[in-house]
Amino acid sequence: MKQTTAIVIGAGHAGLAMSRRLTERSIDHVVLERGEVANSWRTGRWPSLRLLTPNWQTRLPGYHYTGEDPDGYMPVAEVIATLTSYARLIDAPVRTGTAVHAVRAAAQGFQVHAGDDILHARAVVLATGACNLPAIPALADALPPAITSLTPLTYRGPGQLPDGGTLVVGASATGIQLAGEIHRSGRPVTVAAGEHVRLPRTYRGRDIFWWLEATGLLAERYDQIDDLIRARHLPSPQLTGTPEATTTDLNALRAQGVRIVGRLGAIIGGTAQFSGSLANTCALADLKMNRFLNRADEWATASGLDDELPPPHRFAPTRVDPRFPLELDLTGREITTVLWATGFRPDFSWLDIPVRDRTGGIHHDGGVVTAAPGLYVLGMPVLRTRASTYIHGASPDSDALACHLRSHLGSRRRRRPAASAPTIRGRALLRSGPSGRL
């Protein structure tokens with residue numbers, strides 16, 4: 001049995017951030033990755049995807065973006081290239097092509113079955129992310145057999161869709177981006193919109209994420225949030241990372257010719273049935289958006305920035321067609337594809353330790369799995385702050401968990417001198433090119 005002090009499972013942005021933090025603390029470790037570095041970005045994302053966050057907000061331990069387009073939105077190929085180069089430059093001890101089959105409690109730590117090996121470690125960090133499996137509602141089983149059913153993990157572009165209309169179920173970031181892309185290909189699109197978070201792409205001349213960070217909203221700690229469970233399950237903001245930084249919300253989609261209907265409630269006898277509460281759902285999203293804009297304006301005034309920024313303004317309420325259909329026949333040719341943009345869930349099916357809840361997630365306290373000392377989870381929504389949902393949130397999260405991990409190991413552990421951390425420059429990270437191969 002092979003021994004190491006710590007094992008990090010997953011070589012995405014969270015796992016690599018943790019590797020850097022462990023190296024900073026001279027904690028020997030290995031990063032296990034079932035595919036290549038940034039595997040989920042390589043295999044589970046559609047080619048046109050761009051980050052919702054601006055490039056200047058792409059930060060990891062020892063790295064911040066210094067490229068030529070700080071206000072742009074990184075395409076998926078560049079994300080892969082960045083993470084691949086980051087792994088090389090921090091000299092992360094990644095074992096690629098090593099799938100983890102089981103993690104079990106063992107004497108003084110954990111036993112990890114990975115590939116053909118069995119490893120023992122005193123600490124394990126689960127950094128496989130929150131988007132491993134599509135969260136498809138049970139009503140999908142009632143789809144007529146002739147309907148093509150896709151998820152964002154299997155969607156690659158409009159060209160794979162059959163002729164006919166597409167029903168996109170879900171109106172958060174993924175749903176509105178894919179709805180717009182499919183509609184631009186010439187296919188009729190219907191969006192079934194449930195609860196959503198509406199935000200403008202820019203406000204008073206600044207990206208909305210500048211406001212979210214400046215006002216302190218993203219820094220709100222998990223133990224300061226009233227309804228943490230709800231916060232961790234909120235849909236992603238209704239944003240897209242277009243090169244033009246345009247606002248893509250239900251109003252924009254409707255203006256382009258996309259039909260907007262209510263939440264999909266049931267499929268009975270080949271007929272899709274939609275909620276009639278779309279107007280109320282949209283009004284609530286508008287209300288919450290305006291509450292945040294009020295907060296932003298108050299912060300700007302208190303910070304003395306009103307003279308430097310354009311004046312406050314508000315956006316038109318979401319327009320709802322009072323004649324939107326409450327039912328659609330799925331047995332004809334009007335709808336030939338249903339795309340389930342209904343969210344994702346993690347996959348910890350290989351974790352043989354009783355720390356999961358009924359939804360498959362892990363019970364934790366800010367990333368610390370208290371029921372299994374030495375076990376940690378990283379890269380989950382609102383793990384320690386609201387920023388945890390995004391790539392840059394892995395930097396402070398990994399620092400806090402690495403501190404806790406070192407404390408767990410105990411002061412008697414023999415420490416070798418700290419290794420010097422490599423200098424990381426944003427331009428160098430991007431030299432590997434869009435393919436992400438070094």
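A residue is called buried when under 20% of its relative accessible area is left, and exposed when that value is over 50%. Keep this pair of words in mind as we walk through the structure above, which is a predicted model.

Let us start with helix α4, which covers residues 173–184. Of its 12 residues, 11 are buried, so the helix is largely enclosed by the rest of the structure. The buried ones are Ala173, Thr174, Gly175, Ile176, Gln177, Leu178, Ala179, Gly180, Glu181, Ile182 and His183. What do the buried residues of α4 pack against? Their partners are the strands β11 (165–169), β12 (189–192), β19 (335–340) and β20 (344–345), together with helix α7 (250–256). You can also check the length of α4: from first C-alpha to last it reaches 17 Å, close to the 16 Å expected at 1.5 Å a residue. After the helix comes Gly186, with a positive phi near 100°.

Now follow the chain to β12. Together, β11, α4 and β12 make a β-α-β unit, and this unit is right-handed. The two strands of the unit, β11 and β12, pair in the parallel sense over 4 bridges. If you look for Val169, you will find that it stands opposite Ala192 in β12. Strand β12 has another partner as well: it pairs in the parallel sense with β15 (residues 259–261), over 3 bridges. Here Ala192 stands opposite Val261 in β15.

Which way do the residues of β12 point? In a regular strand, side chains alternate between the two faces of the sheet. In β12, Val189 and Val191 point one way while Thr190 and Ala192 point the other way, and all of them are buried.

Another helix to visit is α3, residues 76–89. Its 14 residues should span 20 Å at 1.5 Å a residue, and its end C-alpha atoms are indeed 20 Å apart, so the two values agree. This helix is mostly covered, with 10 of its 14 residues buried. Among them are Val76, Val79, Ile80, Leu83 and Tyr86.

Just after α3 we meet Asp91, in the loop that leads to β5 (94–95). Its phi is near 55°, a positive value in a residue other than glycine. Ala38 also has a positive phi, near 60°, and it too is a residue other than glycine. Ala38 sits in the loop between β2 (29–32) and α2 (39–43). Are these two residues buried or exposed? Ala38 is buried, with a relative accessible area of 1%, whereas Asp91 is exposed, at 62%.

Finally, let us step back to the whole protein. It has 10 helices and 21 strands. Its radius of gyration is 23 Å, close to the 22 Å that the globule rule gives for 438 residues, so the protein is as compact as a globular protein of that length. Along the principal axes, its C-alpha atoms fill a box of roughly 70 × 60 × 45 Å. Buried residues make up 53% of the 438 residues. Among contacts between residues at least 6 apart in sequence, 72% join residues at least 24 apart. The protein exposes about 19,400 Å², and carbon and sulfur atoms supply 51% of that area.

Notes: Residues numbered from 1 in each chain as written. Predicted model: local features only at pLDDT ≥ 70, side-chain atom pairs only at ≥ 80, totals over all residues. Heavy atoms only, no water. Expected span 1.5 Å × (residues − 1). Buried < 20%, exposed > 50% of the residue type's maximum accessible area, 1.4 Å probe, protein only. Contact = heavy atoms within 4.5 Å. Pairing = 2+ DSSP bridges. Right-handed = clockwise from strand over helix to strand, strands pointing away. Rg over C-alpha atoms; globule rule 2.2 N^0.38 Å. Areas by Shrake-Rupley, 256 points an atom, 1.4 Å probe, with all protein chains shown as cover.
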